[in-house]
Amino acid sequence: MKKFGCRNGFALSTLVAAMSVATLAQAGVTDKDILADHMTTDAIVTNGLGLQGQRYSPLDALNTENVQELRPVWSLSFGGEKQRGQESQPMVKDGVMYVTASYSRVFAVDARTGDELWEYNARLPDGIMPCCDVINRGVGLYDDLVIFGTLDAKLVALNKDTGKVVWIKKVADYKEGYSITAAPLIVNGKIITGVSGGEFGVVGKVEAYDAKTGDLLWTRPTVEGHMGYVWKDGKKVENGISGGKPGQTWPGDLWKTGGAATWLGGTYDPDTNLLFFGTGNPAPWNSHLRPGDNLFSSSRLAINPDDGKIVWHFQTTPHDGWDFDGVNEVISFDYTQGGKKVKAAATADRNGFFYVLNRENGDFIRGFPFVDKITWAEGLDEKGRPIYKDGGRPGNPLDAKDGKQGESVVSAPSFLGGKNWMPMAYSQDTGLFYVPSNEWEMDIWNEPISYKKGAAYLGAGFTIKPMNEEYIGVLRAIDPVNGKEVWRYKNYAPLWGGVLTTKGNLVFTGNPEGYLMAFDAKTGEMLYKFNTGSGIVGSPITWEMDGEQYVSVVSGWGGAVPLWGGEVAKRVKHLNQGGSVWTFKLPKKS
């Protein structure tokens, strides 16, 4: 633990830790707290600074006039050899910060001093199979519990004051390729979680658990043809097949290993009482093996939180052949057009298109490219369906003379996406979305493949390449009503961290070079940057404590880019790994 202004030991004594916990123990998080999180300034109790995921703070003590004076006040190291990617968003309640780290760890930290209060390390088996680094994106808070998912596909509930286990529930079998990396969503006392593992031919699903007991309440598969269930009076009751019946948009039995993992988690809109979850790629990647739309892969789903039924769906990439997962967050927002209020939702897809939907029924309102180059589609039709470009899909291996490798094509964006998991933010003041994006392309080809439980199920090969010498990452300010880009910031390395915006006319994000950066939300002028010592791939937060505004961000380079990035990975191979959470505020004179 590193604290500016003094030097402390690496661990608190048992006595001091117990005294600190006793001093900081406060009331638990309620459903009311969670529903009001977007308006609350003294706590962060949801991933996304509100259930709708806008990542907007009404705080303005820190603003364009004084952000240059922002100073670090403490930094806590996650320690040990378990560094790798750190993609967490911290939570804060009653002066305590709860933050996850790589390898399924959770830390409770005194938010005033940076002193560690407790640490929990999940006992992970040797056979875990995470696709894209050993990351975790955060906890959920409910009552006196801190809840998170593990890389061996379990939900764990810890006592918020002691870090001791209250309950553990198995969500899926890690030996089949399942894992959990997303922060859980908590709605009306239910823990809503998805699963990772689309590269292993799993069946994606969304499930609800009782937050206090961990009991399973309902399960909804996200591949067409699988039965959903609810639990009533302790009994498992059928609740309808996803899509009505099997095999409608899948050939043969491929729906049984169809992928569509819900690995990023979801958002919730109280106005419509709907959960919004995205689904990942269909399995395998070789699309010639599975003609059809392959529902509900590469889609956005609206789900009833009471029973798990799918209310509407919107598929961004039917018959996906490029690994354009549709998991990216769906953010609810309202705007006025023609004198009428529109209840909308926005999502920036890996496929390079930005979509605005009617969040009540899923109808397509508009869509437009938000990246500079798209090769696989010519555009979108009047219903938002992509107009595929001739020759844009990688070839069928069966057409090759040796039957081993189909014709390679150059595709932009690459499968890591015009935007990947890193969450964008929406400002209620400017009406703009701030989108962390990347400009890259890939050579991609198909190969024969057959399913084997627990083995990679791709049937494709690829090499990712940068398209510009000067930059890959682009932070964009986008107007969702007219589709125009208002400003952009170019970054040499790919952007892989989340975004925060505030009423102080600020936009915060981090980059792999290690800088926490602040921009003018209206003009894009960079107003502040501070190097944290390792790449930032987490999501910043801001909150108020003791009458002062704080900013925190997790630092630690890793994630999918160095593992899957091909030529891009070579560009960033010199970046140092790390694992720490940094906290900043203004000096009192400012």
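Two strands pair if DSSP finds at least two bridges between them. The model used in these exercises is predicted.

**Exercise 1. Strand S6 and its partners**

Task: Establish how strand S6 pairs with S7, and which residue of S7 stands opposite valine 109.

Solution.
Step 1. Locate the strands. S6 covers residues 105-110. S7 covers residues 116-121.
Step 2. Apply the cut-off. Pairing needs at least two bridges. S6 and S7 have five, and they run antiparallel.
Step 3. Read the register. Glutamate 116 in S7 stands opposite valine 109.
Step 4. Inspect the turn. The S6 and S7 hairpin has five residues between its strands, and glycine 114 has a positive phi near 85 degrees.

Task: Repeat the analysis for S5 and S6.

Solution.
Step 1. S5 spans residues 96-101 and pairs with S6 over six bridges, in the antiparallel sense.
Step 2. Aspartate 110 in S6 faces valine 96 across the pair.
Step 3. The two strands form a hairpin with three residues between them. In that turn, tyrosine 103 has a positive phi of about 60 degrees.

Task: Decide which residues point each way from S6, and whether they are buried or exposed.

Solution.
Step 1. Sort by direction. Arg105, Phe107 and Val109 point one way. Val106, Ala108 and Asp110 point the other way.
Step 2. Check the burial. The residues on both sides are all buried. The strand is mostly covered, with six of its six residues buried.

**Exercise 2. Two loop residues**

Task: Classify aspartate 152 as buried or exposed, and describe its surroundings.

Solution.
Step 1. Place the residue. Aspartate 152 sits in the loop between strand S9 (145-149) and strand S10 (154-159).
Step 2. Classify it. Its relative accessible area is 5%, so aspartate 152 is buried. The cut-off for buried is under 20%.
Step 3. Find the polar partner. The side chains of aspartate 152 and threonine 150 are joined by a polar contact of 2.4 Å.
Step 4. List the contacts beyond four places in sequence. Aspartate 152 touches Arg123, Leu124, Pro125, Ile128, Ala172 and Tyr174.

Task: Do the same for glutamate 360, and state how far it lies from tryptophan 312.

Solution.
Step 1. Glutamate 360 belongs to the loop between strand S24 (353-358) and strand S25 (364-369).
Step 2. Its relative accessibility is 44%, so glutamate 360 counts as partly exposed.
Step 3. Glutamate 360 and tryptophan 312 are separated by 48 residues in sequence. Their C-alpha atoms are 8.7 Å apart.
Step 4. Neighbours within four places in sequence are set aside. Glutamate 360 then contacts Thr272, Leu274, Trp312 and Lys343.

**Exercise 3. The largest pocket and glutamine 52**

Task: Describe the largest pocket, and say which residues lie nearest its centre.

Solution.
Step 1. Take the volume. The largest pocket holds about 310 Å³ of space.
Step 2. Take the lining. There are 18 lining residues, and His38, Gln52, Gln54, Ser332 and Gln428 lie nearest the centre.
Step 3. Split the lining by class. Seven residues are nonpolar, eight polar and three charged.
Step 4. Find the main contributor. Strand S22 (residues 331-337) gives the most, with three residues.

Task: Follow glutamine 52 from the pocket lining to its contacts.

Solution.
Step 1. Glutamine 52 is in the loop between helix H2 (31-35) and strand S2 (56-57).
Step 2. Its side chain makes a polar contact of 2.6 Å with the side chain of aspartate 269.
Step 3. Beyond four places in sequence, glutamine 52 touches several residues, including Tyr268, Asp269, Ile331, Ser332 and Arg359.
Step 4. Link back to the pocket. Ser332 is listed with Gln52 among the residues nearest the pocket centre.

**Exercise 4. Cavities**

Task: State how many cavities of 30 Å³ or more the structure has, and describe the largest.

Solution.
Step 1. The search of the whole structure gives six such cavities.
Step 2. The largest cavity has a volume of about 380 Å³. Its lining has 34 residues, with Asn47, Gly48, Arg55, Leu264 and Gly266 closest to the centre.
Step 3. By class, the lining comprises 16 nonpolar, 14 polar and four charged residues.
Step 4. Strand S19 gives the most to this lining, with three residues.

Task: Characterise the second largest cavity.

Solution.
Step 1. The second largest cavity contains about 320 Å³ of space.
Step 2. It has 27 lining residues, and Cys131, Cys132, Arg137, Glu199 and Trp263 are nearest its centre.
Step 3. This lining has 13 nonpolar, seven polar and seven charged residues.

Methods. Residues numbered from 1 in each chain as written. Predicted model: local features only at pLDDT ≥ 70, side-chain atom pairs only at ≥ 80, totals over all residues. Heavy atoms only, no water. Helix = DSSP H or I, 4+ residues; strand = E, 2+ residues; numbered from the N terminus. Polar contact = N/O pair within 3.5 Å; in protein donor to acceptor, adjacent residues only side chain to side chain. Contact = heavy atoms within 4.5 Å. 1 Å grid on protein atoms, 1.4 Å probe; cavity = no way out; pocket = protein on both sides within 12 Å on 5 of 7 lines; lining within 4 Å. Points joined across faces, edges and corners; volume = space filled by probe spheres on them. Nonpolar A, V, L, I, M, F, W, Y, C, P; charged D, E, K, R; others polar. Buried < 20%, exposed > 50% of the residue type's maximum accessible area, 1.4 Å probe, protein only.
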